[in-house]
Amino acid sequence: MADREVILLDSDSDEDEDLRRAIGLSLQDQSNVKDADADAVPEEAQNPEAAKQATFGSIMLDRKGMEEARLSRLGKRRRNSNSNEGSAGDPATKRLTPQQSERPGAAQPPYPQGIVRRTWTKGYPKTCDDITIEEVFQMEDLQLALLSSFQWDDEWLLSKLNVGTTRVLLLAFAADEESKQAMKENAPKNVRFCFPPMHGPGSMHSKLQVLKYAKYLRLVIPTGNLVPYDWGETGVMENMVFLIDLPRLDANVTCGMTVFGENMARFLTAAGVDDGMVKSLANYDFSATEKLGFVSSM
């Protein structure tokens, strides 16, 4: 997109004062926001004029309301966690015991060799084999997120991110230029879009996350979409998540790119991601992916 800023994975520049002010203003009350029924047919599907107000999840953004809802869910989750905490004799608790803590410091990658986790289903005992979207994102340490999905719940997704400190690039489908413009206008100021080109029949169905932290890059390939149902929060759906953390190379150090990295870069380029961002993948050590394959369909 001609009007999109180039985002680099190795960029550490701070958001300027104007952006912070704009984000702060965006958190104020939006009196014209209407409640949306998650099961209802999106209004823009019935009325083309409503498409002008569509977001990438077909829900108007009420960021102040989202923050209040997030805090409410957090309090409820903590209460449920306390009440559902298993005893030492609970078979579900004994079934899997973590070998090490998976809550690292900001600079320490917890998955240097890659690992597969199952999305945790709310209301069931949580073991070290399970993972939540919060644990994937590590919101407080996340600097940049490239997210791709077939389905979106924008209100839910943005409640899992700190859009004041995290730059976000969303790979999303839009049917036409009008829809693209509406999606951009209704998103927070530091949320950018990339619209993969569609050639003939098919759908933009990729699920990929590239998450940047201070000292490493996290690659995530989930089987679920970015909606609460697929992450066990509103149903009993179980999905799988592959994660691997790649350390950032020291200055003036180069490392040969693996086939995995080359195929991933090719996929991102085909999706329309800026060339500068794709090239900045070379600032990370991909050697742990030597025996892994990145398989995609374009």
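## Salt bridges

A salt bridge here is a side-chain nitrogen of Lys or Arg within 4 Å of a carboxyl oxygen of Asp or Glu. With that in hand, welcome to this predicted model, in which local features need pLDDT of at least 70, side-chain atom pairs count only at pLDDT 80 or more, and totals for chains, interfaces and linings use all residues. Residues are numbered from 1 along each chain as its sequence is written, and side-chain values use heavy atoms, with hydrogens and water left out.

By the salt-bridge rule the count comes to 8. E134, K160 and E233 are linked in a network of these bridges. Within that network, K160 pairs with E233, and their closest N and O atoms are 2.9 Å apart. K160 sits in the loop between helix 6 (154-159) and strand 4 (167-171), while E233 sits in the loop between strand 7 (216-222) and strand 8 (240-247), so the pair ties together parts that are 73 residues apart in sequence. Helices (H or I, at least four residues) and strands (E, at least two) are DSSP runs, numbered from the N terminus. Both K160 and E233 are buried; buried means under 20% relative accessible area, exposed over 50%, and partly exposed in between, with a 1.4 Å probe and protein chains only.

For a bridge between partly exposed residues, look at E135 and K126. Their closest N and O atoms are 3.2 Å apart. E135 has a relative accessible area of 34% and is therefore partly exposed, and K126, at 38%, is partly exposed as well.

## R218, a buried arginine

How buried or exposed is R218? Its relative accessibility is 0%, so R218 counts as buried. The residue belongs to strand 7, and its side chain meets that of D245 in a salt bridge of 2.8 Å, N to O. This pair links distant parts of the chain, with D245 in strand 8 and R218 in strand 7, 27 residues apart. D245 and R218 are both buried.

R218 also takes part in polar contacts (a pair of N or O atoms within 3.5 Å; within protein, one must be able to donate a hydrogen and the other to accept it, and residues adjacent in sequence count only if both atoms are side-chain atoms). One such contact, of 3.0 Å, joins the side chains of R218 and Q138. In addition, the R218 side chain reaches the backbone oxygen of V136 at 2.9 Å. Taking contact as heavy atoms within 4.5 Å, and not counting residues up to four places away in sequence, R218 touches a set of residues including P110, Y111, E135, L211, Y213 and I244.

## Annotated residues H205 and K207

UniProt, in an unreviewed entry, lists K207 for "binding site" and places the feature "active site" at H205. These positions are given in the numbering used here, feature names are shortened, and annotations may be inferred rather than shown by experiment.

K207 is found in the loop between strand 5 (191-194) and strand 6 (208-212), and H205 is in the loop between strand 5 and strand 6. K207 is buried because its relative accessible area is 16%, whereas H205, at 41%, counts as partly exposed. A polar contact of 2.9 Å joins the side chains of H205 and K207. Leaving aside neighbours within four places in sequence, K207 is in contact with S148, V220, I221, P222, T223, G224 and N225.

## Nonpolar cores

A nonpolar core is a set of buried Ala, Val, Leu, Ile, Met, Phe, Trp, Tyr and Cys residues joined through side-chain atoms within 4.5 Å. The largest one has 31 residues, and V136, F137, L147, L157, L211 and L226 have the most contacts inside it. Helix 5 (133-137), strand 3 (144-148), helix 6, strand 4, strand 5, strand 7 and strand 8 each supply at least two residues of this core.

L147 touches F137, L157, L211 and L226, among others, not counting residues up to four places away in sequence. A second, separate core of 26 residues includes F242, F267, L268 and F286.

## Aromatic pairs

Rings of Phe, Tyr and Trp (its six-membered ring) pair if their centres lie within 6.5 Å; planes under 30 degrees apart count as stacked, over 60 as edge-to-face and the rest as tilted. The structure holds 4 aromatic pairs. In one of them, the ring centres of F260 and F294 are 5.5 Å apart with planes at 85 degrees, so the pair is edge-to-face. F260 lies in helix 8 (residues 259-271) and F294 in the segment after helix 9 (275-279), so this pair ties together parts that are 34 residues apart in sequence.

F260 counts as buried at 3% relative accessibility, and F294 is buried with a relative accessible area of 9%. F260, F267 and F294 form one aromatic cluster.
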